[in-house]
Amino acid sequence: MIDLKALRDEPQRFRQGAVDKGTNGQLVDDLLASDKCLRATLTEREQLGAQKNRISKQIGALAGRLAKADASARPTLEAEMRQLREQPSQIKQRESELAQQVKDLQSERDRLWFQVPQPAIS
């Protein structure tokens, strides 16, 4: 199996290697595109996790403020709390979608990865 980092760094070398071994050089471009999409999806999933953590901290801080708030400030703080509590469920839904995308993209990337031949040593 080829080194993906090397492929990202020197795609032309791998394209030429594929052509030299009778394989379509487009396979390298397809693998790079699939890998790029997978990496972007993983990044988005990580960002959503970080966002969920930030929201949890905000909820905790807001709960503390709400406990100490006087009656005039409570309705505004409670509305803000409701808004914050809705966000994690939306994030979880998107995370679920991304998890399926990651699974599909990894499968496609791996399928392509195994087809790209090692280039000749120069």
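Let us start at Phe 114, a residue that is exposed, with a relative accessible area of 58%. Keep in mind as you look around that this is a predicted model. Right beside Phe 114 in the chain, Trp 113 tells another story: its relative accessibility is 16%, and because buried means under 20%, Trp 113 counts as buried.

How are the rings of Trp 113 and Phe 114 arranged? In general, a pair of aromatic rings is described by the distance of the centres and the angle of the planes. For Trp 113 and Phe 114, the centres lie 6.5 Å apart and the planes make an angle of 20°, and the pair is stacked. The count of aromatic pairs comes to 1.

Now step back to the whole chain. The protein chain has 4 helices and 0 strands, so its elements, read from the N terminus, run α-α-α-α. What is the overall shape like? Along the principal axes, the C-alpha atoms fill a box of roughly 75 × 25 × 15 Å. The radius of gyration of the protein chain is 24 Å, whereas a compact globule of 122 residues would have one near 14 Å.

Next, look inside. Of the 122 residues in the protein chain, 30% are buried. In soluble globular proteins, nonpolar side chains tend to be buried together. Here, the largest nonpolar core has 12 residues, and Trp 113 is one of them; others include Ile 2, Leu 4, Phe 14, Leu 31 and Val 116. Which helices supply at least two residues each to this core? They are helix H1 (4–9), helix H2 (11–20), helix H3 (26–68) and helix H4 (74–113). Apart from this core lies another one, of 11 residues, among them Leu 48, Ile 55, Leu 66 and Leu 77.

Helix H4 also holds Arg 109. Is Arg 109 buried or exposed? With a relative accessible area of 13%, Arg 109 is buried, because that value is under 20%. Leaving out residues up to four places away in sequence, Arg 109 touches Leu 4, Leu 31, Ser 34, Asp 35 and Leu 38. Two of these, Leu 4 and Leu 31, belong to the largest nonpolar core.

Contacts also link distant parts of the sequence. Among contacts in the protein chain with a separation of 6 or more, 72% are between residues 24 or more positions apart. Finally, turn to the outside: the protein chain exposes about 8,000 Å², and carbon and sulfur atoms supply 50% of this area.

Methods:
Residues numbered from 1 in each chain as written. Predicted model: local features only at pLDDT ≥ 70, side-chain atom pairs only at ≥ 80, totals over all residues. Heavy atoms only, no water. Core = buried A, V, L, I, M, F, W, Y, C linked by side-chain atoms within 4.5 Å. Buried < 20%, exposed > 50% of the residue type's maximum accessible area, 1.4 Å probe, protein only. Phe/Tyr/Trp six-rings, centres within 6.5 Å; stacked < 30°, edge-to-face > 60°. Rg over C-alpha atoms; globule rule 2.2 N^0.38 Å. Contact = heavy atoms within 4.5 Å. Areas by Shrake-Rupley, 256 points an atom, 1.4 Å probe, with all protein chains shown as cover.
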